[in-house]
Structures are given as C-alpha cells and as structure tokens.
Amino acid sequence: MDTGNTGFMMICAALVFIMTPGLAFFYGGLVRRKNVVNTMMACVAIMGLSVFMWVLFGYSLAFGSDHGGVIGDFGWLAFNGVGWDAGPYSDTIPHLVYAGFQMMFAMITPALITGAVVGRMKFKALFAFIALWSVIVYYPMAHMVWGQGGFLAALGSVDFAGGNVVHISSGVSALVLAVYLGRRKGYEKTSYRIHNIPFVVLGASLLWFGWYGFNAGSALAADGLAAHAFMTTSVSAATALLSWMLIDTAKEGKPTLVGACTGLVVGLVAITPGAGFVPVWSAFIIGALVSPICYFMINLIKHRLKIDDSLDAFGCHGIGGIWGGIATGLFGQSSINSVAQWDGLVFGETGLFVAQVISIIVTIAVAVVGSLICIGVIRIFTRLRVDEKDEMIGLDVTQHGENAYPSFNGFD
C-alpha cells in the first residue's frame, strides 16, 4: 500500500467526476434555449443513477469473478468485500479507491449518449435507456477490456483509459438511438443556433481539466507512466484544437470558438486508448488527424446521410474513439507499457494492430445489439419520442416544468 498513490488516485477520481458536470455545460451551451434544462438534467440524473447502480451491483458485474470472458458476478454486491486493503487490480491502493475511480467512468460514459437525442426524447425513456444500457453494454464492455479474464484483453488488445469502453460504445449507441428517434422537427429547414457559447467553453475546459484524471489516473500510480499519459493527453488535445481552427479558417475564412472547443474534445477522445502506450511524438499525429477525420464524418452523417446526431456524439466520440484505437495499434510500444504484447504497425509488428481492429469491431457489435435490445424493452412500456407539440414548446417546460431563462421573452 502506498499513501502517495492512494492520494493521487482519489484526486484523479474527483477530476473524472468533474467531467460529467462539465459535459452538462458543454452540451447545455450547444442546444436551444428551450432545451437547456432537459439537456443538463440528463447529465445530472445520470450522476445519481450511475453511482447507485455501480455500488449496488455494477462494479461486481464489471470487475467481479470472470464468467466466459464477458461479465463478472455478484460477489461484490453493495461493495461487500471491497474494502481498505489492496484489491486484485492494484497492489498499492485500497480496493475501495480503485472501485471509486472506475465508478466515475461508469458515470461519464452514458452521459455522452445524451448529446445525440436532445430536443426529442422523453426524459423517462432516456432514464430507463441509460439504466438498461449500463447493464447490457457498459458493464460487459468494462469486464471484457479491463476485468480479469476479459475476452478482449485476452486477445491482446489494449485500451488505456476507455477508447472502446467509453467512447466507441457510447458513440455507436448514440448513433443507433438517433436513427431510431428520427430527426428533429424541421431539421432540414430550421437553423439550430448555439444559444450560449461561454457555456460551451466552460464545459470544454472542465472536460480537459478532468481528462487528466481520466488518462493519467489510469496508470493507477503517481509514476512515470502517469506523467507520460498526462503529456500525450496535452499534446493531442492542443494539436487537435489547432487543427480544427485551421479547418474552420480554410472552410469559413475565420476560426470559431465552438470549433476550437470541439477540436480539443476530439483530441482528448483520440488519445484516450493510447495515452499510456504511444510515444509523445505520435500524439502530434493523432491529434492533427482526428480533427479532419471527425469534421468529415460529421458532415457525412448530418448532410449526406441526414442522420440527426444532434450534438455529434457519434461524430466526435464514436469516430474519435475508433481513430484512437487504430492509432494505438499503429504507434503503441511495449517499452512504454508492458501490458502491450507487441509494438505497433509502424514499428514492424502486426499483432497489436490486428487485436485493436478486432476489439473495435466487437465493441461496435456489442453497442449496436445492446442498444437495440434496450430500445425494444423500453418500447413495451412507453414511447421514446415526445409528441410534436411538446417538441415545439421545448423539453424544459414539458418534461420538467422549468425554464432556464424565465425572464427571457424573445424568440429562439
């Protein structure tokens, strides 16, 4: 047991927690005035739901004794047996600290999905979807990638802080949900203007701040690997930010603040799976390329395929996570982190790259099938989409009876 590592990990857990309120501001700033409360409430509700489920049975299912390489058991129900001594996943921190750190991942991941459905999904249906999705998709994915005996870990794939578990799973599920719900009313005719850019900046800043706990904390110790992940995270986010500014300038003639914030977020997404595996110099390449990749895919999804992924949850997290997983297979080095069984493709070995591609395909399949199951179950009890009148009035009033700006009497 190491008190320094314990303190470091508790701070990192708190930093990861900050990401969910940060996401609430980021998403809240991007939507129309009449849907701000609903959008932020989705993140706030998940903060409560995820902790409740994680402590009661989620951690046990995700990290408990292996069953088929896919899921755990109920041995740690209500954190029974999760105490102050070291657990099976780290020798230097209490088991309780590790479980608490992972709890914050279970919080932010489903919150990412909510960005795809703003303005048109019933709150109670969304709440039920998140609860079911956590059980059917997130807990199995966490076990397959990070749990002892996990199927994807056994294949030799690596995921330092959640490319598969967090970003690809949530991004793909967001796309499935957006396709099922259909487009917002007047999608091709109405201009959906961002209502509060300072909220977007605040949210993006909190996300970047919290991401240091997300990535550096995944080293599970205050050591050189944590410092390495901290630096690759910084480089990728900064490079992607500049890359998106360059794209905006080339396309629109001027850089935009929202574009810069979007760039830094996709840069963080892309480096997440490889932060503790790839060399620092490769983070420049990962960050520089993720912005044009996501920019192209967002335009393809929205303008060519006409899919209303409202706040680009799939375009940023799904696509960014896929690129990050592939990039880890390209640039990963076992000399940086011995968890990697092979070096990346650019160093002449194919094993890691192949394992990464397989893990991405499996994650996409689990997310698609799991999301469809969740939708099918919820449809039995309630419609997922609000009616046309509620959508026109706005979900703040119709779903919560609140107004983010009660003194504002103008038009959106």
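These are my notebook entries on one helix, one serine and two pockets in a predicted model.

**Entry 1: serine 170**

I started with serine 170 and looked up where it sits. It belongs to helix 6, which runs over residues 163-181. Is serine 170 buried or exposed? Its relative accessibility came out at 1%, and since anything under 20% is called buried, serine 170 counts as buried.

Next I wanted its neighbours, leaving out residues up to four places away in sequence. Serine 170 touches Thr109, Leu112, Ile113 and Trp133.

**Entry 2: helix 6 itself**

I then checked the helix that carries serine 170. Helix 6 has 19 residues and spans 26 Å from its first C-alpha to its last. The expected figure is 27 Å at 1.5 Å a residue, so I noted the two as close.

How many residues of helix 6 are buried? I got 17 of the 19, so the helix is largely enclosed by the rest of the structure.

I also looked just past the end of helix 6. Glycine 182 is there, with a positive phi of about 85°.

**Entry 3: the largest pocket**

On to the pockets. The largest pocket has a volume of about 1200 Å³. I found 41 residues lining it, and the closest to its centre are Tyr192, Ile194, Lys302, Ser310 and Asp312. Elements giving two or more residues to this lining are helix 1 (3-30), helix 8 (224-252), helix 9 (257-271), helix 10 (280-304), helix 11 (313-331) and helix 13 (388-393).

Which helix gives the largest share of that lining? Helix 10 does, with five residues. By class I noted 17 nonpolar, eleven polar and 13 charged residues in the lining of the largest pocket.

**Entry 4: the second largest pocket**

For the second largest pocket I wrote down a volume of about 540 Å³. It is lined by 23 residues, and Val145, Trp146, Asp159, Phe160 and Val339 are the closest to its centre. Two elements appear as giving two or more residues to this lining: helix 3 (95-113) and helix 4 (123-146). Helix 3 provides the largest share, four residues.

What is the make-up of this lining by class? I have 15 nonpolar, seven polar and one charged residues down for the second largest pocket.

One cross-reference to Entry 1: Thr109, Leu112 and Ile113, which serine 170 touches, fall within the range of helix 3 (95-113). Trp133, also touched by serine 170, falls within helix 4 (123-146).

Definitions and conventions. Residues are numbered from 1 along each chain as its sequence is written. This is a predicted model: local features need pLDDT of at least 70, side-chain atom pairs count only at pLDDT 80 or more; totals for chains, interfaces and linings use all residues. Side-chain values use heavy atoms; hydrogens and water are left out. Buried means under 20% relative accessible area, exposed over 50%, partly exposed in between (1.4 Å probe, protein chains only). Contact means heavy atoms within 4.5 Å. On a 1 Å grid over the protein atoms alone, a cavity is a set of points where a 1.4 Å probe fits but cannot get out, and a pocket is an open set with protein on both sides within 12 Å along at least five of seven lines; lining residues have an atom within 4 Å of a point. Grid points are joined across faces, edges and corners, and a volume is the space filled by probe spheres set on the points. Ala, Val, Leu, Ile, Met, Phe, Trp, Tyr, Cys and Pro count as nonpolar, Asp, Glu, Lys and Arg as charged, and the others, Gly among them, as polar.
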